[in-house]
Amino acid sequence: MEAITIQIQQDDLTFQPMEVPLGIDISLMELLKGEGYPLEAICGGMAICGTCRVEVLNQDEIMLNGPNDDELCMLETLPCYSHKCRLSCQIRISEEIDGIKIRVPSEIV
């Protein structure tokens, strides 16, 4: 596998696919910011601000590891209305997230 696909839900509920080459060592947050998505990411990926929050819509269908303790502590302070919230800074671009479907919550945009 040379690339993965990330599906990003749009306002009209359709998904915009993004093909990402493997072998780059960045987080989902860095990728989304680089593509112009309006994530503030104030802390720069330290899991202490929550401004890079996304919803992972299909986390049960992919091989995404669960949140670590730092991420869990931050998620508990955020207005997440389901168990689908994750900090995009804590999700690394890897083969395991191929096919991930995400939504950037409108309240942080």
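These are my notes on a sheet, a pocket and the cysteines of this predicted model.

**Ground rules.** I number residues from 1 along each chain as its sequence is written. I accept local features at pLDDT of at least 70 and side-chain atom pairs at pLDDT 80 or more, while totals for chains, interfaces and linings use all residues, and side-chain values use heavy atoms, with hydrogens and water left out.

**The sheet.** I looked up the strand order and found an open sheet of 5 strands, β2-β1-β5-β3-β4, with mixed pairing. Strands here are DSSP runs (E, at least two residues), numbered from the N terminus, and two strands pair if DSSP finds at least two bridges between them. At the edges I noted β2 (15-21) and β4 (85-87); each has a single partner strand, so one side of each is left without a neighbour in the sheet. On average, neighbouring strands of this sheet are turned by 40° against each other, direction ignored. The axes behind that angle are lines fitted to C-alpha atoms; angles in general run from 0 to 180 degrees between N-to-C directions.

**Strand β3.** I then followed β3 (residues 53-56) to β5 (residues 101-103), where the pairing is antiparallel over 2 bridges. Val56 has Ile102 of β5 as its bridge partner, and Glu55 has Arg103 of β5. Towards β4, I found 3 bridges, with β3 and β4 again running antiparallel. There Val54 is bridged to Arg86 of β4.

I checked burial next (buried is under 20% relative accessible area, exposed over 50%, partly exposed in between, with a 1.4 Å probe and protein chains only). β3 is covered on both faces: Arg53 and Glu55 are buried on one side, Val54 and Val56 on the other. In a regular strand the side chains alternate between the two faces of the sheet.

**The cysteines.** I searched the whole structure for disulfides (pairs of cysteine sulfur atoms within 2.5 Å) and found 0. Cys52 is in no disulfide; its nearest cysteine sulfur, that of Cys89, is 3.7 Å away. Cys52 is buried at a relative accessible area of 2%, and Cys85 is buried at 7%.

**The second largest pocket.** A pocket is an open set of points on a 1 Å grid over the protein atoms alone, with protein on both sides within 12 Å along at least five of seven lines; lining residues have an atom within 4 Å of a point. For the second largest one I noted a volume of about 160 Å³, the volume being the space filled by probe spheres set on the points. Its lining has 14 residues, with Leu64, Asn65, Gln90, Ile91 and Arg92 nearest its centre.

Terms used: Helices (H or I, at least four residues) and strands (E, at least two) are DSSP runs, numbered from the N terminus. On a 1 Å grid over the protein atoms alone, a cavity is a set of points where a 1.4 Å probe fits but cannot get out, and a pocket is an open set with protein on both sides within 12 Å along at least five of seven lines; lining residues have an atom within 4 Å of a point.
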